[in-house]
Amino acid sequence: MNYTVRFSNQKFPPIQIKAHESLADHLTTQNSPVLFGCRTGLCGTCLIEVIGDIPDPTKEEAEVLQILAPNNPRARLACQIDLTQDILIKSDAI
Ligand code: FES
């Protein structure tokens, strides 16, 4: 099953990604506004805001988010997202 990843930055068209596949494997600087660094949930480079009902962050991701965006319940690390439905990514809001 594919899900649609949309971006608040309208310059980038929506992308179809298979369920549970890593956004870090599909999003590039050419097709999205999201930047990646470590891709392991440590550096925070991929910090985004997500609109969509995806699984809660793991304990490890939650610890990083608590430091980077403590008051934003929509903040997520793009490299750690488990894609289980269509989402909207706001990469310029944090
Ligand atoms: S790329 Fe480093 S935390 Fe996601």
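This is a short talk about how one predicted protein model is put together.

Okay, hi everyone. Keep in mind as we go that this is a predicted model.

Let's begin with the parts list. The protein has 1 helix and 5 strands. If you walk along from the N terminus, the elements come as β-β-β-α-β-β. As for overall size, the radius of gyration is 12 Å, close to the 12 Å that the globule rule gives for 94 residues, so this protein is as compact as a globular protein of that length. The C-alpha trace spans about 30 × 25 × 20 Å along its principal axes.

Now, the sheet. In what order do the strands of the open sheet sit? The order is 2-1-5-3-4, and the pairing is mixed. Strand 2, residues 15-18, and strand 4 are at the edges with a single partner strand each, so one side of each has no neighbour in the sheet. From one strand to the next, the twist averages 40 degrees.

Let's go across it pair by pair, beginning with strand 2. Strand 1 and strand 2 are antiparallel, with 4 bridges between them. One pair to look for there is Thr4, whose bridge partner in strand 2 is Gln16. Next over, strand 1 joins strand 5 through 3 bridges, and those two run parallel. You can find Arg6 standing opposite Leu88 of strand 5.

Keep your eye on Leu88, since we meet that residue again: Leu88 is also the bridge partner of Ile51. That takes us to strand 3 and strand 5, which run antiparallel and are joined by 3 bridges. Another pair for you here is Glu49 with Lys90 in strand 5. Finally, strand 3, residues 47-51, runs antiparallel to strand 4, residues 75-77, again with 3 bridges. In that pairing, Ile48 stands opposite Arg76.

So where does the helix go? Which strands does helix 1 touch? Helix 1, residues 59-68, packs on the sheet and touches strand 3 and strand 4. The direction of the helix makes about 125 degrees with that of strand 4.

On to the inside. A bit of background: in soluble globular proteins, nonpolar side chains tend to be buried together. Here, the largest nonpolar core has 19 residues. Among those with the most contacts inside the core are Leu23, Val34, Ile48 and Ile89. Strand 1, strand 3, helix 1, strand 4 and strand 5 each give two or more residues to this core. Take Leu23 as a case: leaving out residues up to four places away in sequence, Leu23 touches Val5, Ile17, Ala78, Cys79, Ile81 and Leu83. Over the whole protein, buried residues make up 24% of the 94 residues.

For contrast, let's look at Thr45, in the loop between strand 2 and strand 3. Thr45 has 14 C-beta neighbours inside 10 Å; a residue is buried at 20 or more and exposed at 12 or fewer, so Thr45 counts as partly exposed. Setting aside residues up to four places away in sequence, Thr45 touches Leu35, Phe36 and Gly37. Now try Gln85, which is 40 residues from Thr45 along the chain: their C-alpha atoms are separated by 23 Å.

One last number. Of the contacts between residues at least 6 apart in sequence, 60% join residues at least 24 apart. That's it from me, thanks!

How values were computed: Residues are numbered from 1 along each chain as its sequence is written. This is a predicted model: local features need pLDDT of at least 70, side-chain atom pairs count only at pLDDT 80 or more; totals for chains, interfaces and linings use all residues. Two strands pair if DSSP finds at least two bridges between them. Axes are lines fitted to C-alpha atoms, for helices over the stretch in contact, and angles run from 0 to 180 degrees between N-to-C directions. Two residues are in contact if their C-beta atoms, placed from the backbone, lie within 7 Å. A nonpolar core is a set of buried Ala, Val, Leu, Ile, Met, Phe, Trp, Tyr and Cys residues joined through C-beta atoms within 7 Å. The radius of gyration is taken over C-alpha atoms; the globule rule is 2.2 Å times the number of residues to the power 0.38.
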